[in-house]
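Grab a coffee and open the viewer. Below are some short exercises, each with a solution worked through step by step.

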Amino acid sequence: MPGRRTAGRGRRRRRRPGAYGLDGEGVAPAIGIAASMGAGLLEANRADGTVKRVHCGWAAHAGVTAAALAREGLTGPPTVLEGRFGFFAAYLDGRGDADALLAGLGKRWEVTRAVYKPYPANHFTHPAIDCAFALRAGDLDPGDIEEIELGVPARLALAGRVRCVADDRASGLFPLSFGAVLRIRTRGGTTLTHRVDSSRGGPGNPLSSEELALKFRLNASRALPEEAVTALDRRIAGPAEAQDARHIALISPVT
């Protein structure tokens, strides 16, 4: 392109100082990303940065990579959990719960408790959204709202006319499920109430197959063309015994 400097083939690229050719402005975010990849630090939720978006994907990537390396013969310490310098000592001050890990081993799968977010917002707000949708479906006029009270299991700051209070029932369910109770008082003096003990998308209130497929297609279409999204959707929705992660990984954008 005119006015754009490009490096010709065979020309040595000028290396900037610092690790991996990064300067100070590059090293700082690299440290933040590395720390997040190491343990999914929640600092990514509180400060600036976009690495939070890849936490779940990186965890899955690490699991698949570990399985592939183990299959090829790479070994790990057999006492990685309970050992002197293992996971329990490093992250739990030595107070690991073996029963929580081993109870139902091979029969109970935590993946079945996966929660799918139907709304692009922090999951703590989802039960409140569910409550609001339910009350809105009853012909509630937003312009007629005088006050809103939201009962939640923690300190959740909402703006405007919403008053957040601690709710005993939601607190008792947390963190196994996210619940809330929404009370709306209208200018006419009517009080409307709706309670959600498990927000939509969780094990207690799962999304339908159609909703999950729609969520997948909407997200995948941001990175893949329609043809690739359709092919990937069909591949994933196929029989479980025919699944092969290599086939899914090989699906690339159609040009």
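**Exercise 1. A histidine in a loop**

Is His123 buried or exposed? Work out its surroundings too.

*Solution.* Keep in mind that this is a predicted model.

- Step 1: Find the residue. His123 sits in the loop that runs between α5 (98-102) and α6 (126-136).
- Step 2: Check its accessibility. The relative accessible area of His123 is 13%. Buried means under 20%, so His123 is buried, at 13%.
- Step 3: List its contacts. Setting aside neighbours within four places in sequence, His123 is in contact with Val115, Lys117, Phe178 and Ser199.
- Step 4: Look for polar partners. The side chain of His123 makes a polar contact with the side chain of Ser199, at 3.2 Å.

**Exercise 2. Salt bridges**

How many salt bridges does the structure hold? Then take Glu72, Glu146 and Arg163 and work out who pairs with whom.

*Solution.* As a reminder, side chains of opposite charge can pair when their charged atoms come close.

- Step 1: Get the total. There are 14 salt bridges in the structure.
- Step 2: Start with Glu72. Its partner is Arg71, with the closest N and O atoms 4.0 Å apart. Both Glu72 and Arg71 are exposed.
- Step 3: Go on to Glu146. The side chain of Glu146 forms a salt bridge with that of Arg187 (3.5 Å, N to O). This pair links distant parts of the chain, 41 residues apart: Glu146 is in strand β1 (residues 145-152), while Arg187 is in the loop between β3 (180-186) and β4 (191-196). Glu146 is partly exposed at 38% relative accessible area, whereas Arg187 counts as exposed at 51%.
- Step 4: Now Arg163. Its side chain meets that of Glu147 in a salt bridge (4.0 Å, N to O). Here too the pair links distant parts of the chain, with Arg163 in strand β2 (residues 162-166) and Glu147 in strand β1, 16 residues apart. Arg163 is partly exposed at 40%, and Glu147 is partly exposed at 26%.
- Step 5: Follow the links outward. Arg163 and Glu147 belong to a network of salt bridges that also includes Glu149, Arg183 and Arg185.

**Exercise 3. Nonpolar residues, inside and out**

Which elements give two or more residues to the largest nonpolar core? And which residues make a nonpolar patch on the surface?

*Solution.* In soluble globular proteins, nonpolar side chains tend to be buried together.

- Step 1: Pick out the hubs. The largest nonpolar core has 13 residues, and those touching the most other members are Leu135, Leu140, Ile145, Ile148, Leu150, Leu182 and Ile184.
- Step 2: Assign the core to elements. α6, β1 and β3 each give two or more residues to this core. β1 provides the largest share, with four residues.
- Step 3: Check for another core. A second, separate core of five residues has Leu224, Ala228, Val229 and Leu232 among them.
- Step 4: Turn to the surface. Val80, Leu81, Phe87, Tyr91, Leu92, Leu101, Leu102 and Leu105 make a nonpolar patch of about 780 Å². α4 (87-91) and α5 each supply at least two of the patch residues.
- Step 5: Zoom in on one member. Val80 is in the loop between α3 (55-71) and α4, and at 44% relative accessibility Val80 counts as partly exposed.

**Exercise 4. A threonine and its partners**

Which residues does Thr186 contact beyond its neighbours within four places in sequence?

*Solution.*

- Step 1: Place it. Thr186 is part of strand β3, and counts as buried at 6% relative accessibility.
- Step 2: Read off the contacts. Leaving those neighbours aside, Thr186 is in contact with Leu140, Asp144, Ile145 and Glu146.
- Step 3: Compare sequence with space. Thr186 and Asp144 are 42 residues apart along the chain, and their C-alpha atoms are separated by 5.5 Å.

**Exercise 5. Backbone oddities**

Where is the cis peptide bond? What are the phi values of Asp93 and Asp139?

*Solution.*

- Step 1: Check omega. The cis peptide bond joins Phe174 and Pro175, with omega about 5°. Pro175 is in the loop between α7 (168-173) and β3.
- Step 2: Check Asp93. Though not a glycine, Asp93 has a positive phi of about 55°. Asp93 lies in the loop between α4 and α5 and is exposed at 60%.
- Step 3: Check Asp139. Its phi is also positive, near 70°. Asp139 lies in the loop between α6 and β1 and counts as exposed at 72% relative accessibility.

Notes: Residues numbered from 1 in each chain as written. Predicted model: local features only at pLDDT ≥ 70, side-chain atom pairs only at ≥ 80, totals over all residues. Heavy atoms only, no water. Buried < 20%, exposed > 50% of the residue type's maximum accessible area, 1.4 Å probe, protein only. Polar contact = N/O pair within 3.5 Å; in protein donor to acceptor, adjacent residues only side chain to side chain. Contact = heavy atoms within 4.5 Å. Patch = residues over 30% accessible without salt bridge, like charges linked within 9 Å, V, L, I, M, F, W, Y side chains within 5 Å. Areas by Shrake-Rupley, 256 points an atom, 1.4 Å probe, with all protein chains shown as cover. Core = buried A, V, L, I, M, F, W, Y, C linked by side-chain atoms within 4.5 Å.
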